[in-house]
Amino acid sequence: MAVKITWRVIEGLQPAEQSYFVWDSELKGFGVAVSVNGVKSYVVKYRVGKGRGAPTRRMTICKVNIKPVDEARAIARKLIGDGVEKKDAVAQRKEQNLACTVAELAEIFHAQHVKAKRKPSTATNYKICIDKQIVPHLGRVKAKDLKRTQVARWHTELNDTPAAANKALAVLSSIYSFGQKNGYVPEDVNPARKVEKNPEQSKERYLSKVELLRLGDALRLAETTGLPWLIDMQMPPEKAKHIPIKNRTTIIDRFAVAAIRLLIFTGARLREILHLKWEYVDFERGLLLLPDSKTGKKTIVLNPPALAVLNSLPRIENCEYLISGKIKGKPRADLKRPWLIISTATKLTDMRLHDLRHTYASYGAGAGLGLPIVGKLLGHAQSATTERYAHLDNDPLKRGASIIGNEIASAMGEVMPSAEVIEFKRI
């Protein structure tokens with residue numbers, strides 16, 4: 001049944017178990033499509049040529065919130081008229097899509113897919129990769145004409161930064177997957193597929209017990225008497241980290257020290273701690289209830305040391321964040337300066353803040369908790385992410401190896417050395 005499509009009619013349309021169309025009584029072929037998710041779009045159905053034997057086309061004009069009904073009806077009327085004159089708008093649009101360059105396809109991909117469906121930080125990273133690594137080298141090539149040999153050559157040229165090259169290759173592959181689904185390239189065209197990735201060296205770094213002791217001492221000194229300021233903060237860190245400045249110490253503010261302690265005690269990511277709000281903390285149950293994170297909604301289980309840190313923090317007036325920053329009411333932007341001072345004083349200059357998360361995981365795996373439990377505590381969405389710590393989850397193997405070795409040594413009459421006690425040196 002056809003009805004005259006008005007804005008009131010459109011507002012009354014509700015989603016159903018299957019998508020459906022409502023056709024206009026005023027202009028045959030003009031209508032509104034309603035998806036299962038409730039998305040409403042103007043559509044037009046027309047014939048290319050005259051007579052019942054002419055092929056039929058159906059085309060989406062736009063979503064209903066973009067144009068008023070009368071304007072969409074006028075567009076449909078023109079498309080229907082063009083169809084009578086054998087001007088196929090669907091074929092023209094497809095031809096235009098297939099004529100776009102890699103740069104144009106990347107821009108459409110970022111605007112319609114990444115910005116709409118990914119977090120802002122992820123969208124920013126995609127944009128940087130597209131603008132710096134993909135468009136300058138491949139942007140002018142027609143998307144449908146880009147060859148795998150060209151992509152392989154481009155990927156090789158980026159080998160000075162192997163990890164970044166692999167990331168750029170993955171982004172290019174995602175661009176072509178989007179292009180296939182939306183008709184910008186043929187379905188069998190993805191030149192990034194089957195291009196061999198660079199081997200990447202793992203960057204995981206774990207703190208030993210001796211290093212943890214040094215870190216603990218440094219944190220206590222940092223918030224009380226101060227740490228030696230061994231670097232000139234005006235110089236680049238890689239040049240300044242070993243330049244001494246005599247007779248100078250600096251005290252790091254308690255919020256920065258607390259943030260570092262929370263990173264090591266919870267295994268949380270940096271932004272999860274810096275953007276932590278008081279309303280997310282459930283002291284009674286010992287939980288951090290994060291409404292959003294890298295992997296979506298997340299619950300962090302608090303241990304007694306982490307709860308002690310949280311209880312020690314004062315609440316700043318008119319600030320909802322635990323880790324207060326310099327700007328009133330805003331969270332701290334980063335921990336680069338305090339971590340540079342602490343890591344230099346403790347001779348842990350090869351440690352990144354993210355390695356505190358790896359350390360948390362390594363102690364969990366080494367304690368025999370099992371990788372599923374460690375993955376849950378870290379908030380990993382996929383078990384494969386936790387597999388990097390599999391080599392640490394080996395207490396039973398160590399015991400087995402010790403039993404076998406001792407049995408063999410005993411049978412051989414070997415004298416086993418006694419365990420040596422090493423005294424930890426404090427900072």
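1. How much accessible surface does the protein chain have, and what share of that surface belongs to carbon and sulfur atoms? The accessible surface comes to about 26000 Å², and carbon and sulfur atoms account for 53% of that area. Please keep in mind while reading these values that the model is a predicted one.

2. On the chain as a whole, the protein has 427 residues, of which 41% count as buried, and its secondary structure includes 17 helices and 9 strands. If one takes the contacts in the chain with a separation of 6 or more, 58% of them are between residues 24 or more positions apart.

3. Turning to one pair of helices, helix 8, which covers residues 209-222, packs with helix 10, which covers residues 254-266, at an angle of about 155°, and their axes are 10 Å apart. Because angles over 145 degrees count as roughly antiparallel, helix 8 and helix 10 are described as roughly antiparallel to each other. The crossing of these two helices is left-handed.

4. The residues that make this contact are Leu212, Leu219, Arg220 and Ala222 on the side of helix 8, together with Val257, Ile260, Arg261 and Ile264 on the side of helix 10. Sorted by class, the contact of helix 8 with helix 10 has 6 nonpolar and 2 charged residues, with no polar ones.

5. Arg220 deserves a separate look, and a student may ask whether this residue counts as buried or partly exposed. Arg220 lies in helix 8, and because its relative accessibility is 41%, Arg220 counts as partly exposed. In sequence, Arg220 and Arg254 are 34 residues apart, while in space the distance between them is 9.9 Å, taken from C-alpha to C-alpha.

6. Helix 10 also meets helix 12, which covers residues 304-312; the axes of helix 10 and helix 12 come within 9 Å and cross at roughly 160°. That angle makes helix 10 roughly antiparallel to helix 12, and the crossing of helix 10 with helix 12 is left-handed.

7. For this second contact, helix 10 contributes Arg254, Ala258, Arg261, Leu262, Phe265 and Thr266, whereas helix 12 contributes Pro305, Ala306, Val309, Leu310 and Ser312. By class, the residues in the contact of helix 10 with helix 12 divide into 7 nonpolar, 2 polar and 2 charged. When the two lists are read side by side, Arg261 of helix 10 appears in the contact with helix 8 and also in the contact with helix 12.

Methods: Residues numbered from 1 in each chain as written. Predicted model: local features only at pLDDT ≥ 70, side-chain atom pairs only at ≥ 80, totals over all residues. Heavy atoms only, no water. Axes fitted to C-alpha atoms, helices over the stretch in contact; angles between N-to-C directions. Helix = DSSP H or I, 4+ residues; strand = E, 2+ residues; numbered from the N terminus. Parallel < 35°, antiparallel > 145°, perpendicular 65-115°, else oblique. Left-handed = near helix turned anticlockwise from the far one by under 90°. Contact = heavy atoms within 4.5 Å. Nonpolar A, V, L, I, M, F, W, Y, C, P; charged D, E, K, R; others polar. Buried < 20%, exposed > 50% of the residue type's maximum accessible area, 1.4 Å probe, protein only. Areas by Shrake-Rupley, 256 points an atom, 1.4 Å probe, with all protein chains shown as cover.
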